[in-house]
Amino acid sequence: MHETIVILDFGSQYTQLIARRVRETGVYSEIRPCTVETEAVAALNPKGIILSGGPCSVYDEEAPQLDPALLDVRRDDGTRVPVLGVCYGLQAMAHLKGGHVERAERREFGRARIQVTDGTDEATDLFDDVPNGSTVWMSHSDHLTALPDGYEVIARTDNAPIAAVHDTEAPHYGVQFHPEVVHTDFGRQILENFAHEICGCGGDWSPASFVEEQTQEIRERVGDEHVILGLSGGVDSSVAAALLDRAIGDQLHCIFVNNGLLRKGEWDQVQDTFRGHFDMDLYTQDATDRFLEHLEGVVDPEEKRVIVGNTFIEVFEEQTQKIEEELGHRPTYLAQGTLYPDLIESVSFKGPSATIKTHHNVGGLPEELDFELIEPFRELFKDEVREIGRLLDVPERTVDRHPFPGPGLAIRILGPVTPDRLALLREADAIFIEELRANDLYDEVWQAFAVLLPVQSVGVMGDERTYENVCALRAVTSVDGMTADWAPLPHDFLGHVSNRIVNEVEGINRTVYDVSSKPPATIEWE
């Protein structure tokens, strides 16, 4: 059993970031919905509790409220478990204790400078090694205007006189800003202070321990049964396949489907990796024609996702039947490389999180497939999975590969998906990625790709007028994909890439560069 910090999800899109940051400090963390019974939290024997942010106001009729008993969970020695409230978590805690939360005159969103106030050592432990004037990230419409009895202010900003608080009668803390996002300069330090200094954790969790525990858990769960896994060649499914291969060997059967929406060379590369490097049992099917027929004339991105997901299930089931015939029985388990961002952006997984977009491998499997799911990474982020992949000897080119959406190039073509438009996008994207690698920029960005726009523009080539397609280039920096900044790639590099695309990809006569960050945009265009 690891030292554990329990995070209660009040609906924030950033809840899993808190868990990730805590795990970076070597402390295991688990997320539970804000509606969980206090007894269930206490049963986890937590070293600390963190209350996440959320989209509601504490005064909303449907707003999730805080159980008073959660502020009095006790350890075996009778001492209170420390609590940290983040944004809405602070407001819910203060509201419960008699403080006043009001709608701010204007919503505060963005960077602010923190000033730690004088106080006792216990009060300011949260800000040890956090310089005054460092940047914190605000994202709130409500704010605390009057403290509960016994509370003291321990930090402020120019716009937020109550930026952080401490309960002088209990190990309870709250911050109005978001320490979990990368925009807060010393956010990790603040969470490390809470985990180690305030909660007393020593730190006994790591990706290596995760691999060992998951290997044993999968092995014990599967027993003599068989597992199938839908392999895309991306980081998530590739590392999941490597983990399952380590755990159960030839009881794993991978299925790789060519949906016609793959990147250039991907169909051959994936087969070479998993048949050659790993020697796995790999079933393949080229179903390009079927996917493109189903996508014909479809322009709505959500409809594209559903069609790609449903068609994949059709083909996947056909391959599963082949495996069933060879084994003499149907495999019991289905493994997926599902990550937490897939879940938090698709369904209200743990708490009332808002839906952003549908992911075809999340919540879309029909019950009649009749598998038990194995999703070892459903609580992890991409960078954590990359580290696990390295421990499992997954080739570096696969581990470091940029994220690629399940629906593939279908959602990087704005408008109808056709073979001709796929060919244009595939070539443009390949040039962009090739140049990023050649200029040692590929590993400097978290994700980069081309998008084919439903726009044509006038150009001049060889003294002749052209009226052809526009291609957008997108590159972002990020740690986990939950937030992202556009990457300031060198102008001469972008000019060179644009020149290559326009000259080498017949049918594109103009490129543009996307300088939007997430939020307010998403990383993908659809």
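Visitor: In which helix do Phe312 and Phe316 both lie, and how many residues apart are they?

Guide: Both belong to helix 10, which runs over residues 301–327, and they are four residues apart, about one turn of that helix. Please keep in mind throughout that this is a predicted model.

Visitor: Is each of the two buried or exposed, or partly exposed?

Guide: The general idea is to compare the relative accessible area with a cut-off, and a residue under 20% counts as buried. Phe316 is therefore buried, because its relative accessible area is 4%, whereas Phe312, with a value of 22%, is partly exposed.

Visitor: How many aromatic pairs does the count come to?

Guide: The reading rests on how far apart two ring centres lie, with a limit of 6.5 Å, and by that rule there are nine aromatic pairs in this model. One of them joins Phe210 and Phe377, whose ring centres are 6.3 Å apart and whose planes meet at 35°, an arrangement that counts as tilted. This pair links distant parts of the chain, since Phe210 sits in helix 6 (residues 207–222) while Phe377 sits in the loop between strand 15 (372–374) and helix 12 (382–391), with the two positions 167 residues apart. Phe210 is buried at 9% relative accessible area, and Phe377 is buried as well, at 0%. Phe312 and Phe316, with which we began, form another tilted pair, at 5.4 Å centre to centre and 35° between the planes.

Visitor: Which residues do ring pairs link into a cluster?

Guide: Tyr28, Trp205, Phe210 and Phe377 are joined in this way through their ring pairs.

Visitor: Over which rings do Arg412 and Arg437 lie?

Guide: Here one looks for a charged group placed over the face of a ring. The charged end of Arg412 sits over Phe449, 3.9 Å from the centre of its ring, and Arg437 lies over the face of Tyr442, at 3.8 Å from the ring centre.

Visitor: Which way do the residues of strand 4 point?

Guide: In a regular strand, successive side chains alternate between the two faces of the sheet. In strand 4, which covers residues 83–86, Val83 and Gly85 point one way and Leu84 and Val86 point the other way, and all of them are buried.

Visitor: What pairs with strand 4, and in which sense?

Guide: Strand 3 (residues 48–51) pairs with strand 4 in the parallel sense over three bridges, and strand 10 (residues 172–175) also pairs with strand 4 in the parallel sense, over four bridges. Gly85 is a convenient residue to follow, for it is the bridge partner of Leu51 and it also stands opposite Gly174 in strand 10.

Visitor: How many residues has the largest nonpolar core, and which have the most contacts inside it?

Guide: Nonpolar side chains tend to be buried together in soluble globular proteins. In this model the largest nonpolar core has 47 residues, and Phe432, Leu436 and Leu489 have the most contacts inside it. Among the elements that give two or more residues to it are helix 10, helix 14 (419–438), strand 16 (447–461), strand 17 (464–477) and helix 15 (491–504). Helix 14 provides the largest share, eight residues. Beyond its neighbours within four places in sequence, Phe432 is in contact with residues including Phe449, Leu473, Leu489, Phe493 and Val497. There is also a second, separate core of 37 residues, which includes Ile248, Leu252, Ile374 and Leu380.

Visitor: Where are the peptide bonds that are cis?

Guide: For this feature one reads the omega angle of the peptide bond. The bond from Lys518 to Pro519 is cis, with omega near -15°, and a further cis peptide bond joins Pro519 and Pro520, with omega about 10°. Pro519 is in the segment after strand 19, and Pro520 is found in that segment too.

Visitor: What is phi of Asp129, and what is phi of Asp279?

Guide: Asp129 has a positive phi near 65°, in a residue other than glycine, and Asp279, which is not a glycine either, has a positive phi of about 55°. Asp129 lies in the loop between helix 4 (121–124) and strand 7 (135–146), and it counts as exposed at 64% relative accessibility. Asp279 lies in the loop between helix 8 (266–277) and strand 13 (281–286), and it counts as exposed at 65%.

Methods:
Residues numbered from 1 in each chain as written. Predicted model: local features only at pLDDT ≥ 70, side-chain atom pairs only at ≥ 80, totals over all residues. Heavy atoms only, no water. Buried < 20%, exposed > 50% of the residue type's maximum accessible area, 1.4 Å probe, protein only. Pairing = 2+ DSSP bridges. Phe/Tyr/Trp six-rings, centres within 6.5 Å; stacked < 30°, edge-to-face > 60°. Lys NZ or Arg CZ within 6 Å of the ring centre and 35° of its normal. Core = buried A, V, L, I, M, F, W, Y, C linked by side-chain atoms within 4.5 Å. Contact = heavy atoms within 4.5 Å.
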